[in-house]
Each structure stands twice: as structure tokens, then as C-alpha cells.
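Please open the structure in a viewer and keep the selection panel at hand. The tour below proceeds stop by stop, stating at each one what to select and what is to be found there.

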Amino acid sequence: KLDASLIRADFPILGRQVYSGVPLVYLDSAATSQKPNAVIDAMDRYYRTSNANIHRGIHVLAEEATGLYEAARKTIAGFIGARTPSELIFTRNTTESINLVAASWGRKNLKAGDVIILTEMEHHSNLVPWQMLAAELNLRLEYIPGTPEGLLDLSVYQQLLELSPRMVAFTQVSNVLGTINPAKEIIRMAHSVGAVTLVDGAQSVPHIPVNVMDLNVDFLAFSAHKMVGPTGIGALYGKEKLLESMPPYMGGGDMIKKVLLRSFVPNELPHKFEAGTPAIAEAIGFAEAATYLYSQGMENIAAHEHDIAEYALKKISQVDGVRIIGPGADQKGSVFSFTMAGIHPHDVSQILDRRGIAVRAGHHCAMPLHEKFKLPATTRASFYIYNSLEDVDTLVEGLAEVRKIFE
Ligand code: PMP
């Protein structure tokens, strides 16, 4: 079983106080997670000892840097169960990974009238790239609706599949509702009509075991910064055959094998999709983050967050006037978006902040989902490996104070 108090000690920032003498209670990991010493030290060590540009140098530092960067790719590919490291492309984040697929796979394979299926619970980063492509190519976007409980309505999905979609792109875990969608089933159904699948793994890869071979997913997008790694780097997993068939996304150094004045020959995978000097230190930090999570055990992390979900759902909903959106603990990660009757989410967040509790208020980059629930904004508390049941208690005490102030 995972011991959050031991884990906390690995994260220096969690020891700090905010304002005078108020200890930090960090409940904003869905926006970005904190970083353990192992990640900070690995990046620091790289800059102190091995910093050089990769792939082209023949000196010791260049070889060390290249070795570390490619070893990082191998570690992260292994973490998600990819068949080979060349199926793992480094990008800036989930957003860039999805844009890469929309621009490269989409432009090559889609034509006017083709159908793309998304869901009503997507983050803007899995909506806007497809909307941009749809406007360019005259595609048709269809949506799997959400139910009032915050689940996907798979019977409507079944009907939508009769439109023979070319792509089904959906989030595995909602960053607002916390819903853990039945990804394997959604992918199986998509494949049965010949659609290609993309999973937004921004909120799943950090929190539950995700194995691309088991899911049989075609593309998986995720970000390092939400899984105890650095900002500035993310990944796109793609099945080798698909990636091989796709044109480069960006042009420049490193993504080419040969350049003439009027033409070029693209490089092999994965370099074909990595134009320019990449985020080398960040890749090293990313791998260290994956190693850290692996050593805790993804099953243990998921179980820990499930315990938090059960406890928090019970405790938070006991606060007068609180309404949590999203399903019950069995279908949910440890993300809680809620409203308090008569109190604006920004006021809730501000009062909690005075007590050192960091939560987020707004639409959480999911405006259509908030529209669906007829809410302009919610307050969101999101938990991770370093949070404990005591943090839930602290939040609930804070919410009781918010209530009192507004009475
Ligand atoms: N998808 C989901 C479900 C997310 O929660 C987020 C981050 N809030 C993203 C995509 C985008 O991630 P990034 O900003 O790292 O690209």
C-alpha cells in the first residue's frame, strides 16, 4: 500500500508554507503535478555534467546527451507498453501530440464529408485541433453525449458508428468529472467499423495503469508535467505502421535524412516527427518521473486515489449546499469539480487559498462540458500520490468556513 506521508517527503515544494506559517495543501495536480527530488536532480545533473546537443556530435558530451535522450525514450515507451521505442515521439505536451495527429494523419487520410467522433467531455485540446481540421477539409464532427451522471452514453456511440467514422478521439479520464471511460471497449467498437483511435491520456497515464498493447489504441497523447515530470515535454505514442505512413508535421533539422535545394527525404521514426533541438533535459526528467511512478506501482497509485475518491465524495458532499458533478467512486479518479449554492467558484478558491489550500476555479478548458451542466464554472480539487485523507479533511474544513463567511 502506498504511504502518502513517505512520498510527500520526496517533493520539496510540499514542505513550504504559503503566506505566513500556513502549510501548503496542494490540490491542483490535474492542472500540473509537483516534482520529486529524483526528477529535479536528474535534470540538474544533466546540465552540470553532460549538456550538449544530441545526434550530431562526436564528442563525449554529445554522445552522453544522445545516450540519455534515447534511453529516456526507451523508458517512457516501456512505461506505456509500446512495442518499440521508435513508436514514442517526444512532443511539447498532450496538446501538441493531438495537433500532430490531426495535422499529419488527418490531412493525409481525410476528405470532405468524413466523420470524426469525439465526446462531450473533451478538454479543448482534443476539440479545437479537430474543429480546425474540420473547417479546412469540410469534415463532420459527431459527439458521444455525456449522461447527467457524467458517464458516456455508449448506446448513442453505437448508433454513431453506423456513420462509418474515420477517427474516434476521446479522453480516457475526464479532467473535470474524473470519469474513467471504458477505453478498451470504446476502441474495440471503433475498430469494428474500421476507425482509427486516439486516446487523450493526459489524466490517465499519470493515475492508472495504461498499456497501449492491451488497449490496442492507435495513438495515445500525454504530458510529463502531470505525471511528476517537467513542463515543456510530452509524448505521442503511435502504432509503427500508422506513423510510418504519415508525413512529417514540422520541417527542420533532425527530421530529415537528406536535403536538396528543392526537396528533402524524411528521417526514420521517431526522428521524422522531431524537428529541431528537442527538450533534452526535460526528456531525462520525464524518464525519471516514469521511473518514480513505476517504482511506486501504478496499481498502488490507482488504489490510493480510489480510496481518496471514496472518502472525498462522502465528506465533500456533506458540506451544506455542495454539488459535485461526475460519477461515483467506482468510475472515477480523484478529481472533484463542484459548486456551492450561492457562492462563485472564484470566491471559494480565494478563501481556500488563504488557508493554504490550492484548488482551481473556472471551466478547466472544458467549456462545452460546463455548458452541458449549465454551469459557467466549477471549483476543482484534484489529488495525487502525495495527498492523503487528511488533505480531504483540510479541504472540507475550508469549505465549511467558506459557507460560514457567506452566511
Ligand atoms: N487533456 C486533458 C484531459 C487535460 O486534462 C489536459 C490538461 N489540463 C490536456 C489535455 C492538455 O494538456 P497539456 O496542456 O499538457 O497539453
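**Stop 1: Two features of the backbone**

Begin with Val-228, which is found in the loop between strand 9 (219–223) and strand 10 (234–238). Although Val-228 is not a glycine, it has a positive phi of about 65 degrees. Please bear in mind throughout that this is a predicted model.

Next, select Leu-269 and Pro-270 together. The peptide bond that leads from Leu-269 to Pro-270 is cis, and its omega is near -5 degrees. Pro-270 belongs to the loop between strand 12 (264–266) and helix 10 (280–296).

**Stop 2: The ligand and its surroundings**

Now select the ligand and display the residues around it. There are 13 such residues, and those that come nearest are Thr-95, Asp-200, Gln-203, Ser-223 and Lys-226. Sorted by class, this shell consists of 1 nonpolar, 10 polar and 2 charged residues.

Three side chains deserve to be shown as sticks. Which distance separates an oxygen atom of the ligand from an N or O atom in the side chain of Gln-203? The distance is 2.6 Å. For the side chain of His-225, an N or O atom lies 2.7 Å from an oxygen atom of the ligand. With His-123, the ligand atom concerned is a nitrogen, and a polar side-chain atom of His-123 lies 3.2 Å from it. On its own, the ligand has 400 Å² of accessible area, of which the protein covers 88%.

**Stop 3: The largest pocket**

Keep the ligand in view, and turn to the space in which it is placed. The ligand takes up the space of the largest pocket, whose volume is about 340 Å³. The lining of this pocket comprises 23 residues; select Ala-30, His-123, Asn-175, Lys-226 and Cys-365, which lie nearest its centre. Two of these names have already appeared on this tour: Lys-226 is one of the residues that come nearest to the ligand, and His-123 has a polar side-chain atom 3.2 Å from a ligand nitrogen.

Then colour helix 4 (94–109) and strand 16 (360–362), each of which supplies at least two residues of the lining. Which element gives the largest share of the lining of the largest pocket? That element is strand 16, with 3 residues. The lining as a whole divides into 6 nonpolar, 13 polar and 4 charged residues.

**Stop 4: The second largest pocket**

Move on to the second largest pocket, which holds about 250 Å³ of space. It is lined by 18 residues, and those closest to its centre are Phe-90, Thr-91, Glu-96, Glu-274 and Ala-275. Select strand 4 (88–91) and helix 4, since each of these elements supplies at least two residues of the lining. By class, 10 of the lining residues are nonpolar, 4 are polar and 4 are charged.

**Stop 5: The cavities**

How many cavities of 30 Å³ or more does a search of the whole structure find? The search finds 2.

For the largest cavity, with a volume of about 40 Å³, select Val-173, Gln-203, His-207, Glu-305, Gly-333, Ser-334 and Val-335, which line it. Gln-203 was met at the ligand, where its side chain has an N or O atom 2.6 Å from a ligand oxygen. The lining of the largest cavity has 2 nonpolar, 4 polar and 1 charged residues.

The second largest cavity has a volume of about 30 Å³. To locate it, select the residues that line it: Met-121, Gly-146, Thr-147, Gly-150, Leu-177, Leu-369 and Phe-373. This lining has 4 nonpolar and 3 polar residues, with no charged residues.

Terms used: Residues numbered from 1 in each chain as written. Predicted model: local features only at pLDDT ≥ 70, side-chain atom pairs only at ≥ 80, totals over all residues. Heavy atoms only, no water. Near = heavy atom within 4 Å. Polar contact = N/O pair within 3.5 Å; in protein donor to acceptor, adjacent residues only side chain to side chain. Areas by Shrake-Rupley, 256 points an atom, 1.4 Å probe, with all protein chains shown as cover. 1 Å grid on protein atoms, 1.4 Å probe; cavity = no way out; pocket = protein on both sides within 12 Å on 5 of 7 lines; lining within 4 Å. Sits in = over half its atoms within 2 Å of the grid points. Nonpolar A, V, L, I, M, F, W, Y, C, P; charged D, E, K, R; others polar. Points joined across faces, edges and corners; volume = space filled by probe spheres on them. Helix = DSSP H or I, 4+ residues; strand = E, 2+ residues; numbered from the N terminus.
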